[in-house]
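Trainee: Please take one part of this model and go through it closely. I would like to hear about internal empty space and the helix packing.

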Amino acid sequence: MTQEEVRALLVETGAIMDGHFLLTSGLHSPHYVEKFNVLQHPQYTQQLCEATAERYRDAGIETVVGPVTGGILLAHETGKALGTRAIFTERVDGNMTFRRGFSLRPGERVLIVEDIVTTGGSIKEVIEVVKEAGAIPVAVAMLVDRSGGKAQFGDVPASALLTMDVETYTPEACPLCAAGIPMTKRGRTGK
């Protein structure tokens, strides 16, 4: 899928939204991508994940890992497309970890998938969990990179089906707050 095709699908499903949003990162933004507006459609989720898998078909991926919640769907469908195992991380006492009997073996080649990335903080945590297990984070695959390519993951290469350069603001410097525009009640995971 091209970036234009991905954007058109997200617009068609109402996933790209405008307003005044509080993001998981704590930043404010006039735009938000509500991933579940597209992920609620299994055929679109499959299509997006097959496009992701195609990029890594020859990378020797053995397991796909995604963080809870949207990352579960993406890991599952991407793993299905690659013919690999798919597992997920979740937070326990505020720390990203594997639970439910999930583990990685030393040297296991892992593709990390994520839905929407603004700062990349959650992905960095998943990379650390993968490395702590002795596995190899081969790449990060994002559905949408809201950072315009600014989110970096050290020595782990990353790609996105759609890259957006969406402005974000600290609460203190937010022009939407200064203009008295009320907050739209979306965009927080409770992290």
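Mentor: First, the residue classes: Ala, Val, Leu, Ile, Met, Phe, Trp, Tyr, Cys and Pro count as nonpolar, Asp, Glu, Lys and Arg as charged, and the others, Gly among them, as polar. The model is predicted, so local features need pLDDT of at least 70 and side-chain atom pairs pLDDT 80 or more, while totals for chains, interfaces and linings use all residues. Numbering starts from 1 along each chain as its sequence is written, and side-chain values use heavy atoms, without hydrogens and water.

Now the cavity. A search of the whole structure finds one cavity of 30 Å³ or more (points on a 1 Å grid over the protein atoms alone, where a 1.4 Å probe fits but cannot get out). The largest cavity has a volume of about 60 Å³, taken as the space filled by probe spheres set on points joined across faces, edges and corners. Its lining (an atom within 4 Å of a point) holds Leu 48, Cys 49, Thr 52, Leu 74, Thr 78, Val 113, Glu 114, Ala 141, Met 142, Leu 143 and Leu 161. H3, H4, strand S6 (109-117) and strand S7 (136-145) each give two or more residues to this lining (DSSP runs, helices H or I of at least four residues, strands E of at least two, numbered from the N terminus). By class, the lining has eight nonpolar, two polar and one charged residues.

Next, the two helices at the cavity. The axes of H3 (residues 42-55) and H4 (residues 70-82) come within 8 Å and cross at roughly 60° (lines fitted to C-alpha atoms over the stretch in contact; angles run from 0 to 180 degrees between N-to-C directions). H3 is therefore oblique to H4 (under 35 degrees is roughly parallel, over 145 roughly antiparallel, 65 to 115 roughly perpendicular, the rest oblique). The crossing is right-handed (near helix turned clockwise from the far one by less than a right angle; anticlockwise is left-handed). On H3, Thr 45, Gln 46, Cys 49, Glu 50, Thr 52 and Ala 53 take part; on H4, Leu 74, Glu 77, Thr 78, Ala 81 and Leu 82 meet them (heavy atoms within 4.5 Å). This contact has five nonpolar, four polar and two charged residues.

H3 also packs with H1 (residues 3-12): their axes come within 12 Å and cross at roughly 160°. H1 and H3 are therefore roughly antiparallel. H1 passes H3 in a left-handed crossing. Val 6, Leu 9 and Glu 12 in H1 meet Tyr 44, Gln 47 and Leu 48 in H3. Four nonpolar, one polar and one charged residues make up this contact.

One backbone detail remains. The peptide bond from Val 68 to Thr 69 is cis, with omega near 15°. Thr 69 sits in the loop between strand S3 (63-67) and H4.

Note on methods
On a 1 Å grid over the protein atoms alone, a cavity is a set of points where a 1.4 Å probe fits but cannot get out, and a pocket is an open set with protein on both sides within 12 Å along at least five of seven lines; lining residues have an atom within 4 Å of a point.
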